[in-house]
Amino acid sequence: PWWTLDVAGFTTDDDSIHAAGCAHLHQHHDYGMNGPLPKMLWTTNYGRLAPATMFTLFFAGDRYAPGVNVDGSKWSAPDGPTTTSIQSYLQNQYFSFVEALAKTLKDRPNVIGFGTMNEPSNGFVGLDDLRHSPLPVPLYHSSMSGFDSMRLGSGEALDASYYSSPYNYDSASRLNPDGRSCWIDPEGGDVWRRAGVYGVDAVTGERILLRPHHFRLNPGETFLDAFLLPFYERFHRTVSRIEPRFVVYAEPHVDVAAPSVPPAPPSLDADTFGWAPHWYDASALFFQRYDHWMALDVDAGRPAVTPSLIDGAFRKNLMRLKESGRVGRTDGSSLHVILGETGVPFDMEDENDDEDDDEDNDEEENPSKRGTARKSGIRRPPGPIAALDRTLRAAEYADLDFVLWNYQHDSGFALRRDSDSKQNPGDLWNGEDLSIHSRGEPRGLRAAVRPYVRTLSGRHGARMRMMRMEAQGHDIRTMRYEVVVVLAP
């Protein structure tokens, strides 16, 4: 929330955060000068000063910003302390909200529990050297080191490389040309300067990095175990006091430097916790393009080529995600693992954009026409449908429940009546276009609506026998659904 940035000392009553390069903000983007909002900004925004600072303070402020305190009188008991650490303050406010939400929903039978936080970040925590970028490779927009983001926030202008897409260098750009600071008090309110991470030469004004390894983790330590696990446990204590039946779906952080899904902490109780990591077809997501012959194998860190190898890579990725709820648990138990978020861009390019797509898209919008354009044989569906089907086939193979991205911004309807408006692209979410419901219409249903086994009766002939579903698969081209069932002896 915006007010939390006020608490941390950021200037929020004007466009300073955006102008200083501390985060690229949709509401301050100059469409007339800079064109459409760059896509996938969240990847680089994670490493910008404002988001990285807030996530660091929220999860690990006590360690990395000791002595940064907040007036806690708004939430403390009358006889309690009037100041508290900023980490405690932010988390206390967060869990006050969670508690209020749990009280509101405790009697709703369709609410089984809560997710802990959507795509949290480790911020600066774990960055081994502030002279390096938090990103493993150049992605979108301006690339900079952790220290560069602090220099920008303090009011320094810097030159940076601008990337229009991953690895695709576009130009050199000047950031914060007016030398604006994003801090209310640049000298006394900059938390990282106060923490001794860097200093400013009194004569030259040069920013000097004093502690390049300030955010390095201890040997053998992980952000998940050191900082997220206590957060998960407090979340459960908060909601279980309101309603013991609530399940907490813990979500791992997004670490763009290590995108593979980590195992769930073994200490989480399988009766009260679930595990909800996110997963996407990375090449389709980042490049907004579907290729049936090439994709990225995220776990292996290399491309997968040919449809069969892509299917195999995606299956392995999601099988590993499913097993992340079981790894390291010595009692044989497993957390319920749900693919907490997935989807595809509906504005992606198709490798075979031609006249056939018009017919395929007409079938997508008008299911009653399905099959009328296929008398000469089976054709591949258009890119977004094929990409979504490829992801969901892998999820079915891994026997994963999944949640599809759906962002319907009702207040944006008036702005989005003009479907060609470059000022309001996609779903009004960082210029992305992944929602299966957009502009008042469903999308991607040909891939998203899939048959499934509802009940296994257990009867085979005259005998009652245990049944276990081993595999399932749905082919949207032939509309053929296959299930493999194993019978007990």
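This briefing walks through the cores, two helices of interest, a helix pair and a few individual residues. The model is predicted. Its largest nonpolar core has 81 residues, and helix 7 is largely enclosed by the rest of the structure, since six of its eight residues are buried. Helix 11 and helix 13 make an oblique pair, and a couple of loop residues other than glycine turn up with positive phi, namely Asp399 and Met479.

**Cores**

- Within the 81-residue largest nonpolar core, the residues with the most contacts inside it are Phe10, Met150, Trp192 and Tyr232.
- Apart from that core lies another one of 13 residues, and Ala386, Ala387, Ala447 and Ala448 are among its members.
- Going beyond four places in sequence, Phe10 touches Leu5, Ile17, Leu49, Ala50, Thr53 and Met54, and also Cys182, Trp183 and Ile184.

**Met54, a partner of Phe10**

- Met54 sits in helix 5 and counts as buried, because its relative accessibility is 12% and the cut-off for buried is under 20%.
- Once neighbours within four places in sequence are set aside, Met54 is in contact with Thr4, Leu5, Ala8, Phe10 and Leu90.
- Met54 also pairs up in space with Gly123: the two are 69 residues apart in sequence, yet their C-alpha atoms are 7.4 Å apart.

**Helix 7**

- Helix 7 covers residues 146–153, and with six of those eight residues buried, it is largely enclosed by the rest of the structure.
- The buried ones are Gly146, Phe147, Ser149, Met150, Leu152 and Gly153; Met150 is also one of the residues with the most contacts inside the largest nonpolar core.
- What do the buried residues of helix 7 pack against? On the helical side, there are helix 5 (49–64) and helix 8 (191–194).
- The strands they pack against are strand 5 (158–165), strand 6 (168–175), strand 7 (198–200) and strand 8 (207–209).
- Just after helix 7 comes Gly155, with a positive phi of about 110°.

**Helix 11 against helix 13**

- The axes of helix 11 (residues 307–323) and helix 13 (residues 383–397) come within 8 Å of each other, crossing at roughly 50°.
- The two helices are therefore oblique to each other, and the crossing is right-handed.
- From helix 11, the contact uses Ile310, Asp311, Phe314, Arg315, Leu318 and Met319.
- Helix 13 answers with Arg390, Thr391, Arg393, Ala394, Ala395 and Tyr397.
- By type, the residues of this contact split into seven nonpolar, four charged and one polar.

**Positive phi in loops**

- Asp399 has a phi near 55° and is found in the loop between helix 13 and strand 16 (401–404).
- Asp399 is partly exposed, at a relative accessible area of 43%.
- Met479, in the loop between strand 21 (467–475) and strand 22 (480–487), has a phi near 60°.
- Met479 is partly exposed too, with a relative accessible area of 45%.

**Val337**

- Is Val337 in strand 14 (residues 336–342) buried or exposed? Val337 is buried, at 2% relative accessible area.
- Leaving out neighbours within four places in sequence, Val337 is in contact with Trp275, Pro277, Leu321, Lys322, Gly325 and Leu400.
- Val337 and Ala276 are 61 residues apart in sequence but 5.9 Å apart in space, C-alpha to C-alpha.

Note on methods
Residues are numbered from 1 along each chain as its sequence is written. This is a predicted model: local features need pLDDT of at least 70, side-chain atom pairs count only at pLDDT 80 or more; totals for chains, interfaces and linings use all residues. Side-chain values use heavy atoms; hydrogens and water are left out. A nonpolar core is a set of buried Ala, Val, Leu, Ile, Met, Phe, Trp, Tyr and Cys residues joined through side-chain atoms within 4.5 Å. Buried means under 20% relative accessible area, exposed over 50%, partly exposed in between (1.4 Å probe, protein chains only). Contact means heavy atoms within 4.5 Å. Helices (H or I, at least four residues) and strands (E, at least two) are DSSP runs, numbered from the N terminus. Axes are lines fitted to C-alpha atoms, for helices over the stretch in contact, and angles run from 0 to 180 degrees between N-to-C directions. Angles under 35 degrees count as roughly parallel, over 145 as roughly antiparallel, 65 to 115 as roughly perpendicular and the rest as oblique. A crossing is left-handed if the near helix is turned anticlockwise from the far one by less than a right angle, and right-handed if clockwise. Ala, Val, Leu, Ile, Met, Phe, Trp, Tyr, Cys and Pro count as nonpolar, Asp, Glu, Lys and Arg as charged, and the others, Gly among them, as polar.
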